[in-house]
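Please open the model in your viewer and keep the selection panel at hand, since this tour moves from one selection to the next.

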Amino acid sequence: MTDPDAPFWHRKSLAEMTDAEWESLCDGCGRCCLVKLEDEDTAATYFTDIGCRLLDGQSCRCGDYAHRNEKVDDCVRLTAKVVHEIKWLPPTCAYRLLDEGKDLYWWHPLVSGDPDTVHQARISVRGRVKDSEDDVPDETLEDRIVDWPARWPKGSRRKTPP
Ligand code: SF4
Ligand code: SF4
């Protein structure tokens, strides 16, 4: 039987969560808001160090979350079904972790109780978004590919803070 005192992400599947629970799962890392490039031959996705035009590189949050889909055509609205289908979500993403049957880590704000731990653990994009997409010519995007958004920072997979 499920412990009624367990946190909601242990008791419920992604599809069972309320809207508020779903939204609180986002750790605010901003990794998914980086411009991504897809290899047409292999369908592999590559992150760049360029932010979506609405991404705030300091807070790592969307500048107009309520209207994001009207303002940015390719902004992906995550749902339980979509999370399962998207292959490029960062390995640290809470939705991906739970979809894969894993747990949240110490730096997740729901676990730590502190929204800054996602920055302290270098999970977030803070300080690493070098440009906004509006300022970068398309022909130079390939030069901006980086691998850190698809990696775990040192110490981030420990059970407790380093
Ligand atoms: S990668 Fe996941 S946890 Fe991070 S901002 Fe995007 S949706 Fe939220
Ligand atoms: S519109 Fe907002 S939520 Fe969507 S990718 Fe851009 S910054 Fe992220």
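How far is the sulfur of C60 from the closest cysteine sulfur, and in which residue does that closest sulfur lie? Bear in mind, while you select the two atoms, that this is a predicted model. The closest cysteine sulfur belongs to C29 and lies 7.9 Å from that of C60, which is too far for a bond. A disulfide is a covalent bond between the sulfur atoms of two cysteines. With pairs counted when the sulfur atoms are within 2.5 Å, the number of disulfides comes to zero.

Stay with C60 and turn on the surface of the protein chains: C60 has a relative accessible area of 3%, and because this is under 20%, the residue counts as buried. Now show its backbone, where phi is near 65°, a positive value in a residue other than glycine. To place C60 in the fold, look at the loop between β2 and α3 (68-71), where this residue is found.

Next, select A43, which also has a positive phi, of about 65°, although it is not a glycine. A43 lies in the loop between β1 and β2 (45-51).

From here, go to the largest pocket, which has a volume of about 1200 Å³. Its lining is made up of 46 residues, and those lying nearest the centre are C32, C33, C75, V76 and W88. If you colour the model by secondary structure, the elements that give two or more residues to this lining are α2 (19-25), β1 (34-38) and α5 (94-99). Of the elements, β1 gives the most, with five residues. Colouring by residue class instead, you will find 30 nonpolar, five polar and eleven charged residues in the lining of the largest pocket.

Now display ligand 2, which sits in the largest pocket. The residues to select around ligand 2 are C33, C52, L54, L55, C62, R68, V72 and C75. This shell divides into seven nonpolar residues, no polar ones and one charged one.

Finish on C33, which belongs to the surroundings of ligand 2 and is also among the residues nearest the centre of the largest pocket. Is C33 buried, partly exposed or exposed? Its relative accessible area is 27%, so C33 is partly exposed, the class that lies between under 20% and over 50%.

Terms used
Residues are numbered from 1 along each chain as its sequence is written. Chains are lettered from A and ligands numbered from 1 in the order in which they are written. This is a predicted model: local features need pLDDT of at least 70, side-chain atom pairs count only at pLDDT 80 or more; totals for chains, interfaces and linings use all residues. Side-chain values use heavy atoms; hydrogens and water are left out. On a 1 Å grid over the protein atoms alone, a cavity is a set of points where a 1.4 Å probe fits but cannot get out, and a pocket is an open set with protein on both sides within 12 Å along at least five of seven lines; lining residues have an atom within 4 Å of a point. Grid points are joined across faces, edges and corners, and a volume is the space filled by probe spheres set on the points. Helices (H or I, at least four residues) and strands (E, at least two) are DSSP runs, numbered from the N terminus. Ala, Val, Leu, Ile, Met, Phe, Trp, Tyr, Cys and Pro count as nonpolar, Asp, Glu, Lys and Arg as charged, and the others, Gly among them, as polar. Buried means under 20% relative accessible area, exposed over 50%, partly exposed in between (1.4 Å probe, protein chains only). A residue is near a molecule or strand if one of its heavy atoms lies within 4 Å of it. A molecule sits in a cavity or pocket if more than half of its atoms lie within 2 Å of its grid points.
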